[in-house]
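Please keep the sequence and the 3D view open while you read this note. The points go from the whole chain down to single residues.

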Amino acid sequence: MKRLITVCSVIGLLVASALAAGAPAADFSGTWVLDKAKSQGLNERMADVNITMVVTQDAKQLTSETSYSGGQREMPAQKATYNLDGSETSVEMGGRMPGKATLKAKWQDGGKILELNSVRQMNIQGNDVTITQQDHWELADGGKTLKVHRTSESPRGKQESTLVFNKK
């Protein structure tokens, strides 16, 4: 009897592991609005504007288009597309600091967290500048909340923030 229970337990663990390994990755699709009250470490630019992010996702790619409204300066929308197989993409970034960005995505924690990396090259007043950004995206509250832990490095130093978006 003990042997039967042990065998059944092992089979149960194997089946549970197989199901977990085949679990679908998180789907971040939707329209997301920044909740400034719940976010931490916002820089001056982000604290001064309303931010909306429209995300589309399929099995191969994730595209985010971030728009900004309000604030003292007009800021153009930024669009970025990441390949979900881990291969790099590149995009021309506009705005007051235009340049080329190399983008790369990587799944973590069995598809629950998506790591998005960006390396942006630009020229500011005749100086070549590199800005790196790493985001960890994770859904919470049954998919109603998107939490983004962001680490960025630029000539101004390293900055960390936690952005909380509510699904619209």
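1. Helices and strands here are DSSP runs, at least four residues for a helix and at least two for a strand, numbered from the N terminus. On that basis the order along the sequence is α-β-α-β-β-β-β-β-β-β-β-β. The chain has 2 helices and 10 strands. Note that this is a predicted model.

2. How confident is the prediction? The mean pLDDT of the chain is 87, and 86% of its residues reach 70 or more. The elements do not share this evenly: β1 has the highest mean pLDDT, 98, whereas helix α1, residues 2-21, has the lowest, 42. Over residues 4-21 pLDDT stays under 50, and the model gives this stretch 0 contacts beyond four places in sequence. Please read helix α1 with that mean value of 42 in mind.

3. Some totals for the chain follow. Of its 168 residues, 31% are buried. The exposed area is about 10,800 Å², and carbon and sulfur atoms supply 51% of that area. Among contacts with a separation of 6 or more, 30% join residues 24 or more positions apart.

4. Which residues have the most contacts inside the largest nonpolar core? They are F28, L62, L114, W137, L146 and F165, in a core of 26 residues. Eight entries make up the list of elements that give two or more residues to this core; in the first part of the chain they include β1 (30-34), β2 (50-57) and β4 (78-83). Further along, β5 (89-93), β6 (99-108), β7 (113-124), β9 (145-154) and β10 (157-167) also belong to the list.

5. W137 is worth selecting in the viewer. Setting aside neighbours within four places in sequence, W137 contacts F28, M53, V55, L62, S64 and K112, among others. Its partners also include I113, L114, L116, L146, K147 and V148.

6. One of those partners, S64, lies in strand β3, residues 61-69. Is S64 buried or exposed? S64 counts as buried because its relative accessibility is 8%, and the cut-off for buried is under 20%. Beyond four places in sequence, S64 touches M53, V54, V55, Q78, K79, A80 and W137.

7. The last three strands can be taken together. Strand β8, residues 127-140, pairs with β9 in the antiparallel sense over 9 bridges. In this pairing Q133 stands opposite S152 in β9. The hairpin of β8 and β9 has 4 residues between the strands, and D141 there takes a positive phi near 55°.

8. Strand β9 also runs antiparallel to β10, and 10 bridges join the two. Here the hairpin has 2 residues between the strands. L146 stands opposite F165 in β10; both residues are named among those with the most contacts inside the largest core.

9. How many salt bridges does a search of the whole structure find? The search finds 1. It is made by the side chains of R150 and D135, at 2.8 Å from N to O. The pair links distant parts of the chain, with R150 in strand β9 and D135 in strand β8, 15 residues apart. Both R150 and D135 are buried.

Methods:
Residues are numbered from 1 along each chain as its sequence is written. This is a predicted model: local features need pLDDT of at least 70, side-chain atom pairs count only at pLDDT 80 or more; totals for chains, interfaces and linings use all residues. Side-chain values use heavy atoms; hydrogens and water are left out. Buried means under 20% relative accessible area, exposed over 50%, partly exposed in between (1.4 Å probe, protein chains only). Contact means heavy atoms within 4.5 Å. Accessible areas come from the Shrake-Rupley method with a 1.4 Å probe; for residues, only the protein chains shown count as cover. A nonpolar core is a set of buried Ala, Val, Leu, Ile, Met, Phe, Trp, Tyr and Cys residues joined through side-chain atoms within 4.5 Å. Two strands pair if DSSP finds at least two bridges between them. A salt bridge is a side-chain nitrogen of Lys or Arg within 4 Å of a carboxyl oxygen of Asp or Glu. pLDDT is the predictor's confidence in each residue, from 0 to 100.
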